[in-house]
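Trainee: I'm new to this one. Could you walk me through how we know what we say about it?
Mentor: Sure, let's have it in front of us and go piece by piece.

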Amino acid sequence: MLSDKILRHLREVGELPDLSATRYQLIREIGRGGMGVVYLAHDTSLNRNVALKILDQASEACMLASLEHPGIVPVYETGILPDGRVYYAMKFVRGTRLDDYHASTPSLAEPLHTFLRICEPVAFAHSRGVIHGDLKPENIMIGAWGDVLILDWGIARRANVPAAFAGGTDGYMAPEQLAGVTGPQTDIYSLGKVLEHLLSPPDPKSIRAIAAKAAHPDPSMRYAGVMELTAEIVRFLDGQPVYAYQESWFERVSRWISRNKTLTVLVMTYVVARTLIFFFTHR
Amino acid sequence: MAFPKTRQSAILGLHDGDATVRHRSMETVASAYWEPVCKYLRLRWHESYEDAADLTQAFFSKSIESATLIRYEPSKGTFRTYLRSCLDHFVLNARKTRNPTVPLDFDFASQQESPEELFHREWLRSLFTSAVEDLRARRGDLRFRVFERYDLNDSDSRPTYDDLAAEFGVTTASITNYLASMRRAFRKAVLDRLRDLTLNEREFRTEVRALFGIEV
């Protein structure tokens, strides 16, 4: 009889993909995501390491191969394993996952610029009619130079194609995804949650309001597209009012002062100087 | 991969009109479930080793005699679950006619897992052991010895591929290839056994997914 230890080992090796008919050699498992397992493998022909994803169907690889963008991990090759499963080799991305990423400065500008770079490939995919469906910090990789790559397009699908299971991850998945609905609005919800993840209190109410509007439970109350969301972020970074938040007059003045510091200092200096002059000349 | 028509499921064979097929099917089922049933009886019903072995024998004899297992309906769950519930009924009836002694062994009493988990684990052990024995009988060559030395190694540290290459006088690449081929053969042997022990393709696929996380 086999021991428990051997049983565990045999289950593990039984699950491993059989790559004997491919040019890849398995190194180790590096992750499990939407609809598949990802392994680090060595491409013996080109002498480089690749990320190898094993899937039950080829649709993800075909969809991903059609998206050429610096923020979307490129697909090198697809094929079929002896057991009928589909694999695709893609660039092995080195970097830090967004859930492990910490901004190098306490400034709010750095995480917001990172967020804008996250939005770019998502907007590009939407423009090609593809919805990611599972945007979350674990699926976003930050490279050494601040470059952003969106990973795991395992449950990506064409926009507005209903499905029994629309995937997603609790905490980042739009409520309508539970009913099998996916569209640009579901990714915008997830982006709102990713933005919340990047923020750390105390943050201005206006940026919180942008995240809350993006992740509104009602899809019709969210931003109409990723570009509208990024435009709001840019307005915030430029010190302009944002549509998601109705400012009080005090906040409006504070924002104006913060945006026009030099002018404010000059005006204040002038007012103080005139007051002092007035005070001394009328003694 | 379609459910093979040429390979008769042993569960299906329990229904066969031919007594020889029925008998052979029951033998297949009994050999796969003997150990799981025996150990389940010890943990769930606190039977001593000897009583558990006797009860296991009696359970399978009674199942053949009264055709209990033939009444399995896949819509109500897996065959494994059905067999366990038949076993529980059998033990309850058996205990009405004798004193329910409770000589619980220490090693079983201290187990953290539930009787159901133990039953599943022992079923898995029985399945894998028979697959390994199939391989040993069919492939007792160098490849099997490498597989045995590496994948069936129970020591705390496995040898490296380089160690194995030196030990068997082949290249490290050959070790990689031997292991890949033996693991493929092992998986096929397990799937063949599993086909025997499932009623239909749906149940078979569900079991394979649960076992290896793969689709067939």
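**How do we know?**

Mentor: Start with helix α8(A): of its 21 residues, the number buried is 0, so α8(A) lies largely in the open. Keep in mind that this is a predicted model.

Trainee: What makes a residue of α8(A) count as buried?

Mentor: The cut-off is 20 or more other C-beta atoms within 10 Å of its own. In α8(A) the number of residues reaching that is 0, so we conclude that the helix is largely in the open.

Trainee: How do you know that the length of α8(A) agrees with its 21 residues?

Mentor: The helix covers residues 261-281 of chain A, and at 1.5 Å a residue it should span 30 Å. The expected span uses one less than the number of residues. The end C-alpha atoms are 30 Å apart, so the two values agree.

Trainee: Now the strands. Why are β2(A) and β3(A) said to pair?

Mentor: Because pairing takes at least two bridges, and β2 (residues 36-43) and β3 (residues 48-55) of chain A have 7, in the antiparallel sense. One bridge partner of A:Asp43 is A:Arg48 in β3(A).

Trainee: And what sits between β2(A) and β3(A) in the hairpin?

Mentor: There are 4 residues between them, and A:Asn47 in that turn has a positive phi of about 50°.

Trainee: Which strand does β3(A) pair with over 6 bridges?

Mentor: That's β5 (residues 86-91) of chain A, again antiparallel. Here A:Leu55 stands opposite A:Val86.

Trainee: What makes β6 and β9 of chain A edge strands?

Mentor: Each of them pairs on one side only. They belong to an open sheet of 3 strands in the order β6-β8-β9, with antiparallel pairing. Between β6(A) and β8(A) there are 2 bridges, and the cut-off is at least two, so they count as paired. A:Thr96 has A:Ile142 as its bridge partner in β8(A).

Trainee: Which helix lies across β8 and β9 of chain A?

Mentor: Helix α3 (residues 109-127) of chain A does, running at about 40° to β9(A).

Trainee: Last one: how many residues does each chain bring to the contact?

Mentor: Chain B brings 23 residues and chain A brings 18. On the chain B side, α6 (115-138), α9 (172-196) and α10 (201-212) each supply at least two, and α9(B) gives the most, with 8 residues. By class, that side has 12 nonpolar, 4 polar and 7 charged residues.

Notes. Residues numbered from 1 in each chain as written. Chains lettered and ligands numbered in written order. Predicted model: local features only at pLDDT ≥ 70, side-chain atom pairs only at ≥ 80, totals over all residues. Contact = placed C-beta atoms within 7 Å. Nonpolar A, V, L, I, M, F, W, Y, C, P; charged D, E, K, R; others polar. Buried ≥ 20, exposed ≤ 12 C-beta atoms within 10 Å, placed from the backbone. Axes fitted to C-alpha atoms, helices over the stretch in contact; angles between N-to-C directions.
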